[in-house]
Amino acid sequence: MKMKVLQIIPTFGVAGAEKVVLNYLKYNQSDTMHIKAISLYPSQNSMYDQEIAAKGLDVTYLHKGHGFDISVVKELKNAIKQYNPDVIHTHLYALKYLLLTGEMKNRKIFHTIHNQPDKDVGKLDELINRYCFRKSKVIPVTLQDELAAEVNNYYGVTNTKVIKNGIPLQEYNKKNNELYKELNIKRDTFIIGHIGRFSWQKNHDFIINIFEQIQKVNKNTCLLLIGSGGEEKRIRSLVEEKGIGERVRFLGNRSDIAELLNIMNVFFFPSRYEGLGIVLIEAQAANIPCVVSTAIPEEVLLTSKIKRLDLKDSPQKWEETLLHPETIHESQLHGRLQDYDISKILLGLEEMYKNS
C-alpha cells in the first residue's frame, strides 16, 4: 500500500513555495508514495492553477473566500478525514489551519520554512510555528543547510530537516528564437533578465537604477522583468519616470521560463534576502551567467558562471559585471546542480517521510 502524503498550501498563486509543491505533484513517480495537495482557497486561474487542471493533478481546492476564515478549518478537517493521509506537509501560513482541525494526531507532520525564519511569516504564524515545533512534534523543514541552522537557533529546536528545491534539470536547455519576435527585441540586443515577484525582498528599485546607468553606457540593452506582485505598478511608474520604458519589458507570470532564460545574456538577482532562490537554480541549469547579491546563500553557488556582489558595492561595479558576463568566474562552489534534480529530491523527500 502506498504511503499517502498530503501537501497543504494556502493557494497556487505563482511563487517559489507553490512551485515546490507543484513540482512534487508533477514529477512524483514513486511506486510507494502518493502525493495529494490541498489549496485552502479556490483556484485563482493562475498559471499554476491552469497547469494543475491541464495535467489533472491531484489537488483539492477549498472554500470561496480570502484572508483568515474559520470556515476553512471545517472544510480542511473533512478533506483530511476523507483522504486519511499518513503524512501531512504544510507550507507558508497553512500550519495554523491544520492545528485548528485537530487532525495532527497519529500522523507525521512537517512544515517547510521557505525563507529566513524572522521573515518567513507574520508574528501569529511564527508563534504557531514555535508551539508546533516544540510541543506538537511538527518537524521543521528548510531548503538548505545554512537556513536549517538558523531555524534551529531561532525556534530552539535541533531536528530541522533539509530538502532542496528540485527542478527537472533536463528541461532547461530549451531554445525558442521566436521569442525575439514576440518581445520585439533584435537578435543582437544584450538582454538582462530577472525573475521574481514585485516585492521589497526582490529589490526591483535597485534593478531599475542599475539598468538606467547601463543604458547610458550601452543603448543596445534590454531588461526583462518576469513576475507579478504588489510593487509592479510603482516599478512601472519608476521606469517611465526614468525614460527607459522602451528598453524594459514587463512580462508578467510565464510558463516558458526555460526558453526565456535561454535568450538572456545575463541573469540579475540582487535580492535583499533569500531562503534559497529557486529561479537562481533554474538560471544555472540553463547555463546563464548570474550576477547576484551576497544575500544569496553560498549553498546556491553551483556553477562557475555566478558572481556575488554586495548591495553596498558601487553601481559601477554592478554595471561592469553585468555588461561583461564573460569575465564572471566563481571558483568556490558549494554544491552541484545534479543535487537539485527533482527525481533525486523526491527520493529524499520520501525517505524523510518514512524515517522521521
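These legends walk you through four close-up views of a predicted model.

**View 1. Helix H3, residues 71–83, from end to end.** H3 has 13 residues and spans 19 Å between its first and last C-alpha, close to the 18 Å expected at 1.5 Å a residue. Just after H3 comes Asn-84, with a positive phi near 55°.

**View 2. The two faces of H3.** Look for Val-72, Val-73, Leu-76, Ala-79, Ile-80 and Tyr-83, which are buried. These residues lie on the same side of H3 because they cover an arc of only 130° around the axis. An α-helix has 3.6 residues a turn, so residues three or four places apart point the same way. On the face turned away from the buried side you will find Lys-74, Lys-81 and Gln-82, which are exposed. The partners that the buried residues of H3 pack against are strands E1, E2 and E4, together with H4.

**View 3. Lys-96 in helix H4.** H4 runs over residues 95–101. Is Lys-96 buried or exposed? Lys-96 counts as buried because its relative accessibility is 9%, under the 20% cut-off. A polar atom of the Lys-96 side chain lies 3.5 Å from the backbone oxygen of Tyr-93.

**View 4. The largest nonpolar core, with 40 residues.** Leu-224, Leu-261, Phe-267 and Leu-280 have the most contacts inside this core. Among the elements that each supply at least two residues are strand E9 (221–226) and helix H10 (257–261), while H11 gives the most, with 6 residues. Beyond its neighbours within four places in sequence, Leu-224 touches residues including Leu-183, Ile-191, Arg-249 and Ile-263. A second, separate core of 29 residues includes Ala-17, Leu-22, Met-47 and Phe-110.

Key:
Residues numbered from 1 in each chain as written. Predicted model: local features only at pLDDT ≥ 70, side-chain atom pairs only at ≥ 80, totals over all residues. Heavy atoms only, no water. Helix = DSSP H or I, 4+ residues; strand = E, 2+ residues; numbered from the N terminus. Buried < 20%, exposed > 50% of the residue type's maximum accessible area, 1.4 Å probe, protein only. Polar contact = N/O pair within 3.5 Å; in protein donor to acceptor, adjacent residues only side chain to side chain. Expected span 1.5 Å × (residues − 1). Arc of directions from axis to C-beta. Contact = heavy atoms within 4.5 Å. Core = buried A, V, L, I, M, F, W, Y, C linked by side-chain atoms within 4.5 Å.
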